[in-house]
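Reader: I have a model open and should like to talk through its packing. Could you take me through it, beginning in the interior?

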Amino acid sequence: MAASGGIGRIFTFLTEYFGIDSVWDVVLILLDLAIVSFAVYKIIQLFHDSRAKQVGKGILLILLVASVANLLNLTTVSYVVNLLVSVLPVAIVVLFQSEIKRLFEGMGHTKLRDYFKTDKDKANAAAEKIIEEIVVAVEDLAENRVGALIVFERQTNLGDVISSGTMIDACVTSALIRQIFVINTPLHDGATVIRNNRIYASGCFLPLTTDSTLNKELGTRHRAGIGVTEISDCITIIVSEETGIISYAVNGTLKRDMDGESLKRVLGDALLKVDKLDTNNKKKDDGGSVNE
């Protein structure tokens with residue numbers, strides 16, 4: 001009884017404190033909290049990968065010092081820190097002007113439905129953009145007879161492969177991919193690994209396939225591209241330096257003579273996140289690949 005009475009008093013206090021008179025008031029409070037939480041989350045997300053993150057830590061430190069100084073009655077320290085705090089609003093606008101500008105530009109370009117996209121939708125949108133960049137680069141490399149080997153890491157970790165190359169950790173762009181595979185450059189002959197939608201490493205060494213049934217005309221680049229798919233679930237794209245033919249390998253099998261559209265479809269099936277109901281249909285293309 002005492003417990004129920006205590007709960008009743010807490011409930012009465014909360015309803016009086018928040019001015020709750022009906023269920024609609026509860027809905028408005030929850031909506032209010034959700035909007036503020038979402039706004040704070042987007043701001044943190046915006047500043048996370050910029051210099052603003054470090055500046056923000058400095059501002060939090062100043063506020064912490066101000067609180068401690070006031071608590072301990074440190075008069076001189078409180079006076080100096082409070083002066084700094086008084087100019088913080090202006091300082092924030094000056095220091096974060098580029099981030100604030102980007103925030104409002106993003107809001108202007110973002111459609112309302114984009115705010116409600118799931119993590120899967122956002123991941124797929126990023127993957128689709130990367131696929132476009134990859135296909136443009138691969139078609140250009142094939143046209144100019146520039147050899148290339150690109151590995152897309154999936155569930156199986158390729159740490160051993162990555163450690164054999166040069167770390168890059170850069171955004172995937174067609175220009176950067178073309179630059180990596182320029183003939184007679186240090187990274188040209190190795191493989192480039194795509195991890196988490198980024199060019200993670202280049203100049204990597206891959207294990208060669210031991211399949212004796214492969215076409216004898218296939219060189220080391222193709223054998224390496226197939227070999228790594230025999231020990232992992234990755235997918236590799238190979239451009240022949242001699243013929244300009246585009247190929248892809250998955251699950252130890254090779255499919256040759258790919259064009260831009262078919263390559264885009266293969267990468268979409270392999271990299272885009274789909275519902276379990278669609279997964280079996282997406283795997284049919286992989287099952288139809290043959291060694292050449």
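Author: Ile199 is a suitable place to begin. Leaving out residues up to four places away in sequence, Ile199 touches Ile168, Asp169, Ala170, Cys171, Val172, Thr173, Leu176, Ile177, Ile180, Thr192, Val193 and Ile194, where contact means heavy atoms within 4.5 Å. This is a predicted model, in which local features need pLDDT of at least 70 and side-chain atom pairs count only at pLDDT 80 or more, while totals for chains, interfaces and linings use all residues. Residues are numbered from 1 along each chain as its sequence is written, and side-chain values use heavy atoms, with hydrogens and water left out.

Reader: Which strand holds Ile199, and is the residue buried or exposed?

Author: Ile199 is in strand S4 (residues 198-204); helices (H or I, at least four residues) and strands (E, at least two) are DSSP runs, numbered from the N terminus. Ile199 is buried, at a relative accessible area of 0%. Buried means under 20% relative accessible area, exposed over 50%, and partly exposed in between (1.4 Å probe, protein chains only).

Reader: How far is Ile199 from Ile150, C-alpha to C-alpha?

Author: The separation is 9.6 Å, with their positions 49 residues apart along the chain.

Reader: What about Gly203: what does it touch?

Author: Gly203 lies in strand S4 as well. Not counting residues up to four places away in sequence, Gly203 touches Ser164, Gly165, Leu187, Gly190 and Ala191. Gly203 counts as buried because its relative accessibility is 15%. Its C-alpha is 6.2 Å from that of Thr192, 11 residues apart in sequence.

Reader: Turning to the cores, which residues touch the most other members of the largest one?

Author: They are Ile134, Ile150, Ile177, Ile237 and Leu267, out of 30 residues in the largest nonpolar core. Such a core is a set of buried Ala, Val, Leu, Ile, Met, Phe, Trp, Tyr and Cys residues joined through side-chain atoms within 4.5 Å. Two or more residues each come from helix H7 (119-143), strand S1 (148-152), helix H9 (174-180), strand S5 (235-239), strand S6 (246-250) and helix H11 (260-271). H7 gives the most, with 8 residues.

Reader: And what is Ile237 in contact with?

Author: Beyond its neighbours within four places in sequence, Ile237 is in contact with Val138, Ala148, Leu149, Ile150, Phe152, Ile246, Ser247, Tyr248, Leu263 and Leu267. There is also a second, separate core of 19 residues, which includes Val193, Ile238, Ala249 and Leu254.

Reader: How many disulfides are there?

Author: There are 0 disulfides, a disulfide being a pair of cysteine sulfur atoms within 2.5 Å. Cys204 is buried, at 3% relative accessible area, and Cys234 is buried at 1%.

Reader: On the outside, which residues make the nonpolar surface patch?

Author: Leu61, Leu64, Val65, Val68, Leu71, Leu72, Leu74 and Val77 make a patch of about 720 Å². Patches are made of residues with over 30% relative accessible area and no salt bridge (a side-chain nitrogen of Lys or Arg within 4 Å of a carboxyl oxygen of Asp or Glu). Like charges are joined within 9 Å, and nonpolar side chains (Val, Leu, Ile, Met, Phe, Trp, Tyr) within 5 Å. Areas come from the Shrake-Rupley method with a 1.4 Å probe; for residues, only the protein chains shown count as cover.

Reader: Which helix gives the most to that patch, and where is Leu74?

Author: Helix H3 (residues 52-71) gives the most, with 5 residues. Leu74 is found in the loop between H3 and helix H4 (75-86), and is partly exposed at 38%.
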